[in-house]
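Student: I would like to go through the reasoning behind the labels given to a binding site, setting each value against its criterion. Could we take the structure shown here as our example?

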Amino acid sequence: MKISVEFGEMEAKPSEMGIIGLFEGERPLDGDAGAVDEALGGAISELIGSGEFEGKLNQISVVHTRGAIPLKRVLVIGLGKRDEFDLDRTRLTSSKAVIHIRDMGLKEFLTGLHNLPMFNRSTAAEAVVTGTLMGLYRFTKYKTVESDEAKEVEEFTLMDRGETEIAEVREGARRGRIVAEAVNFARDLSNEGGNNMTPTKMAEKASEMADDYGLKLQVLDRGEVQRLEMGAFLGVAQGSDQPPKFIIIEYKPGEEGLDTIVLVGKSITFDSGGISIKPSEKMEEMRYDKSGGCAVLGVMRAVSELGLPINVVGLLPATENLPSGSALKPGDVLRSSSGKTIEVINTDAEGRLTLSDALTYATRYKPKAIIDLATLTGACVVALGNHASGLLGNDEALKEKIKRAAEASGEKVWELPLWEEYDEQIKSDFADVKNVGGREGGAITAAAFLKKFVEEYPWAHLDIAGTAWTVEERGYFSKGATGVGVRLIVQFLRNWVGE
Ligand code: BES
Ligand code: ZN
Ligand code: ZN
């Protein structure tokens, strides 16, 4: 996608389409809307006056300019009520407008920043670009038949009328592109089936990305993982013919004394449940059980491109979870690299097993914070549905920082408690801990399990089981992987360094 930023008046620039946003019930028209309306002899005012267009959220009308101005058409999109408007509605309306333009078969368009005085220009530009690029995303690489999918927008121009602010708009657009492309990269990886995204393939993808973005990469194979005595991770991997890979990816911009943050991403490339096998209905969706790891890779790419002054380490314990003659069984006891022993009650609670060893590995960096992202529990989906990720952790300040990043990034989180009372549920009669704490509070007991492996380091856990995938088109998400976590963590890291 080619993105340009230009100072000037939309109505004076030749293009197939110009996007103009209008709040509900607001007259007279000003900014782009006012200028275009005037140039068209009141065509937009007429649309509103006739009751055809009210400015309700996501309402769309297209006006043909019939040679009156160099711009061929104007797409008017409703922004809803001004006092309900926020950054996420900026992203949402941008995505709706651009999907309409793509469906019309157009390849290029102009957009203004909709005269949004509530945000600075850079923030508004970032949101418009993020919404546009995320909205246009589709996973079509396996569709061989020519169809609607062939329609693709190739370029757009962000127009702004304020000459002095054009540098800010340009910077916002740059950041928006970096973040949205990282999100779409994570979606591409996560959408792949288990056959095309094995642990080995995931390591290869990570390695290509690391080369492209100047990151350090190390992939530990089964032998090295055995030497590190990661018995829990290996226990999950032992049922699969695909070799496990423990992927370590590091961004170190080089300056002395920078803080280090470790990100851990659940990377089960397919979760069948193992011997505690899942019902076949919807099992195909369990290819998105690697979404935490995919999000971490997306974040690594974005922080490197943004050049943030902070050390970031990504850890992806990648394996399949399959049943076989060599698979892990309920009743087995595993010894994790922390030295703690784990009684396996249910082999479908495999994510916490793989994460336990990765969290132990994270402590060797002596990080300022550890954050894990994991499609960990169905219980979290029951509790929060699809609109917020579960947030749990052992450090109030860290959780607050994540909540703040959630507000700015558009990725909602909701905190669940992690009181020590929940530890009772994961006490084992035969080992130090067991991997399942019963049905009650399942998202919490899963986090209580993880907490045992982070020592005293500030740690937060994001359960993205409900948010990493969508079965219907929703806002700027097409069906499938959402890339959740990328925007949130990039924002968190930007806030951390004050950028
Ligand atoms: N990957 C699943 C969790 C999941 C469920 C993600 C639905 C996305 C949608 C996880 O490995 C799992 O199977 N968890 C079990 C734990 C249970 C056995 C304690 C679950 O949630 O049912
Ligand atoms: Zn599972
Ligand atoms: Zn799983």
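Student: What makes the approach of aspartate 348 to ligand 1 a polar contact?

Tutor: In this predicted model, a polar side-chain atom of aspartate 348 lies 2.7 Å from an oxygen atom of ligand 1, and since the cut-off for a pair of N or O atoms is 3.5 Å, the pair qualifies. Glutamate 350 also meets the criterion, with a side-chain N or O atom 2.8 Å from an oxygen atom of the ligand, as does lysine 266, whose polar side-chain atom lies 3.2 Å from an oxygen atom of ligand 1. The protein covers 78% of the 510 Å² of accessible area that ligand 1 has on its own.

Student: Which residues donate to the zinc ion (ligand 3), and how do you know that they count as donors?

Tutor: The zinc ion (ligand 3) is coordinated by Lys266 through NZ, by Asp271 and Asp289 through OD, and by Glu350 through OE, at 2.0 to 2.4 Å; the limit for such a metal is 2.8 Å, so these atoms count as donors.

Student: Why is the site of the zinc ion (ligand 3) called octahedral?

Tutor: There are 6 donor atoms, with angles of 77 to 172° among them; six donors count as octahedral if opposite ones are over 155 degrees apart and all others between 65 and 115, and the site is therefore classed as octahedral. The ideal angles for six octahedral donors are 90 or 180 degrees.

Student: Which residue bridges the zinc ion (ligand 3) and the zinc ion (ligand 2)?

Tutor: Aspartate 271 does, and the two ions lie 3.2 Å apart.

Conventions:
Residues are numbered from 1 along each chain as its sequence is written. Chains are lettered from A and ligands numbered from 1 in the order in which they are written. This is a predicted model: local features need pLDDT of at least 70, side-chain atom pairs count only at pLDDT 80 or more; totals for chains, interfaces and linings use all residues. Side-chain values use heavy atoms; hydrogens and water are left out. A polar contact is a pair of N or O atoms within 3.5 Å; within protein, one must be able to donate a hydrogen and the other to accept it, and residues adjacent in sequence count only if both atoms are side-chain atoms. Accessible areas come from the Shrake-Rupley method with a 1.4 Å probe; for residues, only the protein chains shown count as cover. Four donors count as tetrahedral if all angles lie between 85 and 135 degrees; four count as square planar and six as octahedral if opposite donors are over 155 degrees apart and all others between 65 and 115; anything else is irregular.
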